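Please open the structure in your viewer and keep the sequence panel at hand, so that each residue can be selected by its number as the tour moves along.

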Amino acid sequence: MTSTFWPDLSNHDRTRLGHAIPIQSLRRAGAIGMTCKLSEGTWTDPFFAETFSQARTATPTFAFAGPYHVLWPGQGGQAAFVWRRIHDLCPWLLNPPDGLVPIMMGDFEIFEEFDPNRAPTLAECHQFLDEFKALSGWHTNQLWAYMPEWLYGMDTIRRLRYPWISSNYGANPCGDYRAIYPGDTSSRWAGSELGLQYGSCATYDGLHACDTNASLLTVSALQTFLLGGADMSQADVNAVNAHTDQMLRYLWGAIGGHDNSTFSGGTTARDAQAAIFQRLDYMWGALSGSDNSVYSGGVTAADVAGQVGALQVAVEQLPSADEIADAVIAKLGSGTGGQVTKADVVDAVRSVITGTFLTPPAPPPA
């Protein structure tokens, strides 16, 4: 397992705990970073400064730390509000300790107190992050979007221009954040996110029932990404490749295969290819063709095309439905003694289709 973990904190965690959240304990428990609720609309979390200030002095230094803001729909100016609150409550984030990369996350959800009562649109999410980027000068990769797939759908999320934090709690069990993690190969990973919020009942040392997140990147790869770098260590490349290979093995197993060359029942991909070619040979042999233009008996593809064209002309010359109906009715009227026989019907249909009113054959000589 190569994943890295961090909690998502807010006034709710502080209230449940009853005293200041011990950030150093979270760091000691293995958290590599933290996000902390700063604001919602134009409201400021009253415990933000108390909680987030501890990130500055945590040792070892966090790989990243930053506030998050719950975006209210239909209200402008929220990016400027967040930027002012950062200056007011955590100005040290503008000149962070060595090794700590500042981030800011937009929390894009829907809550009952929203007015209008809807989730922010993708355009509103982009506007908020674009405006904050212009104010802060931070790299795009330092600005995250928490956007639940169940709310927005993948068609919308694929158009997101910022790093995505997905959300899939599964059964949402409670326990140590490492014990409840579903694993690097879990289907709860969508595949394109920077991080997965996989539960809201995690324990980090003495802090219980908090939101928890994971990334498949190592600490060094994550920091390189946040700062806009493209380089990855060979260890990171190997880890990503190993994860991809494992996911492919699981996929292959799901369709009954045992490895990347063998299908269900022991048939290999090469066997399947040979079987297809063999059946093509059988079909070609049945036609007695020698190449792609000559069929059985020396008939060419052009000959077949000509015959199809002639048939089409003949079909177009057939009488209309009304003409057929009129002719059949007229023919049926010739029945002997007013009685229409099956032979009369057959005779009428034949005469209409061929254009000739057939007369019954003469009786054999006496």
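What follows is a walk through a predicted model, stop by stop, with a selection to make at each one.

**First stop: two cis peptide bonds**

Begin by selecting Thr 59 and Pro 60, and look along the backbone between them, where the peptide bond is cis, with omega near -10°. Pro 60 belongs to the loop that runs between helix H3 (48-52) and strand E4 (64-70), and colouring those two elements will help to place the proline. Then move on to Asp 115 and Pro 116, which are also joined by a cis peptide bond, here with omega near 5°. The surroundings to display this time are strand E6 (104-107) and helix H5 (122-136), since Pro 116 sits in the loop between them.

**Second stop: positive phi without glycine**

Select Asn 172 next, a residue that is not a glycine but nevertheless has a positive phi of about 55°. To see where Asn 172 sits, show strand E8 (164-167) and strand E9 (175-176), because the residue is found in the loop between these two strands. Is Asn 172 buried, exposed or partly exposed? With a relative accessible area of 24%, Asn 172 is partly exposed.

Now select Ala 209, which likewise is not a glycine and has a positive phi of about 55°. The place to look for Ala 209 is within strand E11, which covers residues 207-215. A surface display can be added here, as Ala 209 is partly exposed, its relative accessible area being 26%.

**Third stop: the cysteines**

How many disulfides does the structure hold? There is one disulfide, and it can be found by selecting Cys 174 and Cys 201, whose sulfur atoms are 1.8 Å apart. The pair ties together distant parts of the chain, with Cys 174 in the loop between E8 and E9 and Cys 201 in strand E10 (residues 195-204), 27 residues apart. If you look down the S-S bond, the link of Cys 174 and Cys 201 is right-handed, with 90° about that bond. The two partners can then be viewed one at a time: Cys 174 is exposed, at 57% relative accessibility, whereas Cys 201 is buried, at 15%.

Keep the cysteines in view and add Cys 36 and Cys 90 to the selection. Why is Cys 36 not bonded to Cys 90? The closest cysteine sulfur to that of Cys 36 is the one in Cys 90, and it lies 9.1 Å away, so the two are too far apart for a bond. Cys 36 is buried, with a relative accessibility of 2%. Cys 90, for its part, is in no disulfide, and it is buried as well, with a relative accessible area of 1%.

**Last stop: a buried aspartate**

Finish by selecting Asp 45, in the loop between strand E3 (43-44) and H3. Asp 45 is buried yet has no salt bridge, and the nearest side chain of opposite charge, that of Lys 37, is 5.5 Å away. Now show the backbone nitrogen of Phe 47, which lies 2.9 Å from a polar atom of the Asp 45 side chain. To complete the picture, display the residues that Asp 45 touches, leaving aside those up to four places away in sequence: Ser 10, Asn 11, Lys 37, Leu 38 and Ser 39.

Notes. Residues numbered from 1 in each chain as written. Predicted model: local features only at pLDDT ≥ 70, side-chain atom pairs only at ≥ 80, totals over all residues. Heavy atoms only, no water. Helix = DSSP H or I, 4+ residues; strand = E, 2+ residues; numbered from the N terminus. Buried < 20%, exposed > 50% of the residue type's maximum accessible area, 1.4 Å probe, protein only. Disulfide = S-S within 2.5 Å. Lys, Arg positive; Asp, Glu negative; His and termini not counted. Salt bridge = Lys/Arg side-chain N within 4 Å of Asp/Glu carboxyl O. Polar contact = N/O pair within 3.5 Å; in protein donor to acceptor, adjacent residues only side chain to side chain. Contact = heavy atoms within 4.5 Å.
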